[in-house]
Amino acid sequence: MSTITINTPADPRWPLLGDTSADGQFVYAVITTGIYCRPGCPSRRPNPDNVRFFDIHTQAEAAGFRACKRCHPQHLGSDALQTQRITNLCRFIDSAAQEPSLADLAEYAGISSYHLQRLFKAATGLTPKAYAKAHRHQHETQRNALILRKQSAMTLYFALETCSLGTILVAQSEKGICAILLGDDPQLLHADLQCRFPTAELIPGDSTLLKTVIQVIRAIEQPKLKIDLPLDIRGTVFQQQVWRALQKIPAGETRSYTDIAEAIGAPKAVRAVAGACAANAIAIIIPCHRVVRSDGNLSGYRWGVERKQKLLQQEAEQAKP
C-alpha cells in the first residue's frame, strides 16, 4: 500500500528527494500536477504538503498518477537500478578523500559486500579496490602533468546552452574545443570545467563560440552530420589512442571495450580502455557513448546512462535506410 504522509518533512524519504542514489527505493507523487517521479528527478522540489510517497511505480499509477517525462520512473527496472547503483558507487569512490573500504561501499549502496563486489566487477571489469587504485593513479598522473606544465594560467572560453540532452557546456582554448560537458545544472557544469582545468581562467564566450555550440548541438540531433571543429585533446598517449579509435565508430553503430582494445593493438588492455572512455572530456565529438559491454548492454556513462541510451537510440533511428 502507498504511504500518505501527513507531515512530509518528517518523513525519512523527504530529504532523499534530489538524491539519485535513492532511485529504486521509492517514488513520490505531486498531487497538484498528477505526476510521480523517482527520488533523483532533477525537477524543482515540490511543496511538501502536495507530496505522496509510494513503494513502487505501479502503486502510484494505481492511485491515478502519471509518470514524469523527465526522469521516466516507470523504466527504472532491475538492470537500470544496478547500472545506476554502480555509477553512484564510482562517483562516491572518485569524490572520497580516502579510499573507502568495501564495508563503507556496501553500506552506501545498501547491499551486502559480496553482492556489491560481484555487481561492481560485472559492470566495470574491476573490483572496487582496483577501480579506486586506477582512479588514484589517473589523478596522480594528471596532478604531475599540471606540475610540469607552465604555471601561468591559460584562458578558456565557455558557453552554455540547452539541447535535447539537457544543458551542454562547450569550452574552447586557443587551439580548439577542450571540453563538451552534459548535465542538468549549469553551475555544476561550470564547476566541473574548473575542476578539470584548475589553473584556467574561465571567460564567457562571444557569438563566435555560440556558433560552435550550435554545431555541436546539430551533431547531437543529426548524428550523421559531419562537423569539422578544431580540438584541443588533452590526455596520455594511451588515452589519445583510445579516443582516436572512438572517433572512427560510425553513428548508429557500437563497439565493445574489447573491440577498442584490439583496434589499438592492445587486446589485453580492456580495463584501461574503459578508464580512458571514462576520462573523456569531449562528449559527442569523441563518442564514448558508442562503447558498450561485450554482451551489448549499456555500461556506465559519465553524463548519465539515460543520456547514453537516448543518444544511441537517436543514432540507430537515423541510421535506418
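A residue is called buried when its relative accessible area is under 20%, exposed when that area is over 50%, and partly exposed in between, with a 1.4 Å probe and protein chains only. The model is predicted, and for that reason local features need pLDDT of at least 70 and side-chain atom pairs count only at pLDDT 80 or more, while totals for chains, interfaces and linings use all residues. Residues are numbered from 1 along each chain as its sequence is written, and side-chain values use heavy atoms, with hydrogens and water left out.

**Exercise 1. Cysteines**

Determine how many disulfides the structure holds, and describe the surroundings of C163 and C277.

Solution. Start from the criterion, which is a pair of cysteine sulfur atoms within 2.5 Å. By this criterion the structure holds zero disulfides. For C163, which is in no disulfide, the nearest cysteine sulfur is that of C288, 15 Å away; C163 counts as buried, at 17% relative accessibility. C277 is likewise in no disulfide, and its nearest cysteine sulfur, again that of C288, is 6.3 Å away. With a relative accessible area of 8%, C277 is buried.

**Exercise 2. Salt bridges**

Find the partner of R307 in a salt bridge, and work out which parts of the chain the pair ties together.

Solution. Begin with the general idea that side chains of opposite charge can pair when their charged atoms come close. The test applied here asks for a side-chain nitrogen of Lys or Arg within 4 Å of a carboxyl oxygen of Asp or Glu, and a search of the whole structure finds nine such salt bridges. In one of them the side chain of R307 meets that of D184, at 2.8 Å from N to O. Next, place both residues among the helices and strands, which are DSSP runs numbered from the N terminus (helices H or I, at least four residues; strands E, at least two). R307 lies in helix α11 (residues 305-319) and D184 in the loop between β7 (177-183) and α6 (186-196), so the pair ties together parts that are 123 residues apart in sequence. Finally, compare accessibility: R307 is buried at 14%, whereas D184 is partly exposed at 40%.

A second salt bridge joins R234 and D232, at 2.6 Å from N to O. In this pair the arginine, R234, is partly exposed at 31%, while D232 is buried at 7%. A further salt bridge, between R255 and E253 at 3.1 Å from N to O, has R255 partly exposed at 27% and E253 partly exposed at 36%.

**Exercise 3. Strand β6 and its neighbours**

Trace how β6 pairs with β5 and with β7, and say which residues are the bridge partners of L169.

Solution. Two strands count as paired if DSSP finds at least two bridges between them. Strand β5 (residues 155-163) and β6 pair in the antiparallel sense over seven bridges, and a hairpin joins them through two residues. β6 also pairs with β7 in the antiparallel sense, over six bridges; the hairpin that these two strands form has four residues between them, and G176 in the turn has a positive phi of about 155°. L169 of β6 is the bridge partner of L160, and in β7 its bridge partner is L181. As for solvent, β6 (residues 166-172) is mostly covered, with six of its seven residues buried.

**Exercise 4. A four-stranded sheet**

Give the strand order of the open sheet of four strands, and identify its edge strands.

Solution. The order is β3-β1-β2-β4, with mixed pairing. The edge strands, each of which pairs on one side only, are β3 (51-54) and β4 (66-67). Strand β1 (residues 27-30) pairs with β3 in the antiparallel sense over four bridges, and within this pairing F53 of β3 is the bridge partner of Y28.

**Exercise 5. Positive phi outside glycine**

Locate H72 and I284, and decide whether each is buried or partly exposed.

Solution. H72, a residue other than glycine, has a positive phi near 45° and lies in the loop between β4 and α2 (78-95). At 32% relative accessibility, H72 counts as partly exposed. I284 has a positive phi of about 70° although it is not a glycine, and its place is in the loop between α10 (270-279) and β10 (291-292). At 9% relative accessibility, I284 counts as buried.
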